[in-house]
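Please open the structure in your viewer and keep the selection tool at hand. The stops below state what to select next and what is to be found there.

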Amino acid sequence: MPALLERSLTLLDRVVQWACVIALAVITLAVSWQVLTRYVTRDSASWTVEIASLAFVWLSMLAISLGVRQGRHMVLDIWEYVPERRWLRITITTIASALVLGTLVALVIFGMEALPSAMRRTMPGIDLPFGLISLAVPVGCTISAIFAIEAWWKLVREPDPDVDPLPSAVLFQSEDDTMVKGEL
């Protein structure tokens, strides 16, 4: 994979990670404010539920793309223990990746088709289009599709079944800790 493309995908990964951190902070603050206002002032803020919902959907869709980049969407570990059968590992990886990519493309297409009607509705508490929530599906699935293609490429190009070609550089993680298959 060319260095510029690799750096671009790594930058996209970092941006998505930061967006997830911000979305989680927004959820935490909105829910905390809701609890505080409900029990201290006995007056609920209507905007907190909508802001938390908006941030939660975006967090979910963006975090899915991070999992796809790390190959955590659909894993059949049993084939990794058959080193003589590299062709089988590549075949299974290609079929699984094609299924994931097909699902993501369908979600992007249907998400874009549903977007115009969602943009016409308004969230009353924050007076923003409901489509901002719906937009998370095509955006998140597009990023996931890009990462799915990258993950497939790296998985089929790796000759050694003992090497994880999808290392995970996670924000706030020390250099000594390496995440392999979702475990430290």
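Begin by selecting Ile 90, whose place is in helix 3; helices (H or I, at least four residues) and strands (E, at least two) are DSSP runs, numbered from the N terminus. At 23% relative accessibility, Ile 90 counts as partly exposed. On this scale buried means under 20% relative accessible area, exposed over 50%, and partly exposed in between, with a 1.4 Å probe and protein chains only. Add Leu 155 to the selection: this residue is 65 residues from Ile 90 along the chain, yet their C-alpha atoms are separated by 7.6 Å.

A note on the model belongs here. This is a predicted model, in which local features need pLDDT of at least 70 and side-chain atom pairs count only at pLDDT 80 or more, while totals for chains, interfaces and linings use all residues. Residues are numbered from 1 along each chain as its sequence is written, and side-chain values use heavy atoms, with hydrogens and water left out.

**The whole chain**

Now display the entire protein chain, which has 5 helices and 2 strands. From the N terminus on, its elements follow the order α-α-α-β-β-α-α. The protein chain has 184 residues, and 34% of them count as buried. Contact means heavy atoms within 4.5 Å. Among contacts between residues at least 6 apart in sequence, 70% join residues at least 24 apart.

**Along helix 1**

Select helix 1, residues 3-41, and find Leu 12 within it. Is Leu 12 buried, partly exposed or exposed? At 25% relative accessibility, Leu 12 counts as partly exposed. Leaving aside neighbours within four places in sequence, Leu 12 is in contact with Ile 143 and Phe 147. The C-alpha atoms of Leu 12 and Leu 66 are 9.9 Å apart, with their positions 54 residues apart along the chain.

Select Cys 20 next, also a residue of helix 1. Cys 20 is buried, with a relative accessible area of 9%. Which residues does Cys 20 contact, leaving aside its neighbours within four places in sequence? They are Leu 59, Leu 62, Ala 63 and Leu 66. For Leu 59, 39 residues away along the chain, the C-alpha separation from Cys 20 is 5.2 Å.

Then select Trp 33, which lies in helix 1 and, at 41% relative accessibility, counts as partly exposed. Its contacts, neighbours within four places in sequence left aside, are Ala 45, Trp 47 and Thr 48. Ala 45 is 12 residues from Trp 33 along the chain, and their C-alpha atoms are separated by 8.0 Å.

**The nonpolar core**

Return to Cys 20 and add Val 16 and Leu 104: of the 20 residues in the largest nonpolar core, these three touch the most other members. Helix 1, helix 2, helix 3 (86-120) and helix 5 each supply at least two residues of this core. A nonpolar core is a set of buried Ala, Val, Leu, Ile, Met, Phe, Trp, Tyr and Cys residues joined through side-chain atoms within 4.5 Å.

**Helix 2 against helix 5**

Select helix 2 (residues 47-69) and helix 5 (residues 136-157), which pack at an angle of about 10° with their axes 7 Å apart. That makes helix 2 roughly parallel to helix 5. Axes are lines fitted to C-alpha atoms, for helices over the stretch in contact, and angles run from 0 to 180 degrees between N-to-C directions; angles under 35 degrees count as roughly parallel, over 145 as roughly antiparallel, 65 to 115 as roughly perpendicular and the rest as oblique.

Where the two helices meet, helix 2 contributes residues including Val 57, Trp 58 and Met 61, and helix 5 contributes residues including Cys 141, Ile 143 and Phe 147. The residues of this contact divide into 14 nonpolar, 3 polar and 3 charged. Here Ala, Val, Leu, Ile, Met, Phe, Trp, Tyr, Cys and Pro count as nonpolar, Asp, Glu, Lys and Arg as charged, and the others, Gly among them, as polar.

Select Cys 141, which is buried with a relative accessible area of 2%. A search of the whole structure finds 0 disulfides, a disulfide being a pair of cysteine sulfur atoms within 2.5 Å.

**Two loop residues**

Most residues other than glycine have a negative phi. Select Arg 42, in the loop between helix 1 and helix 2: this residue has a positive phi of about 60° although it is not a glycine. At 70% relative accessibility, Arg 42 counts as exposed.

Finally, select Asp 127, in the loop between strand 1 (122-123) and strand 2 (128-129). Asp 127 has a positive phi of about 55°, although it is not a glycine, and at 59% relative accessibility it counts as exposed.
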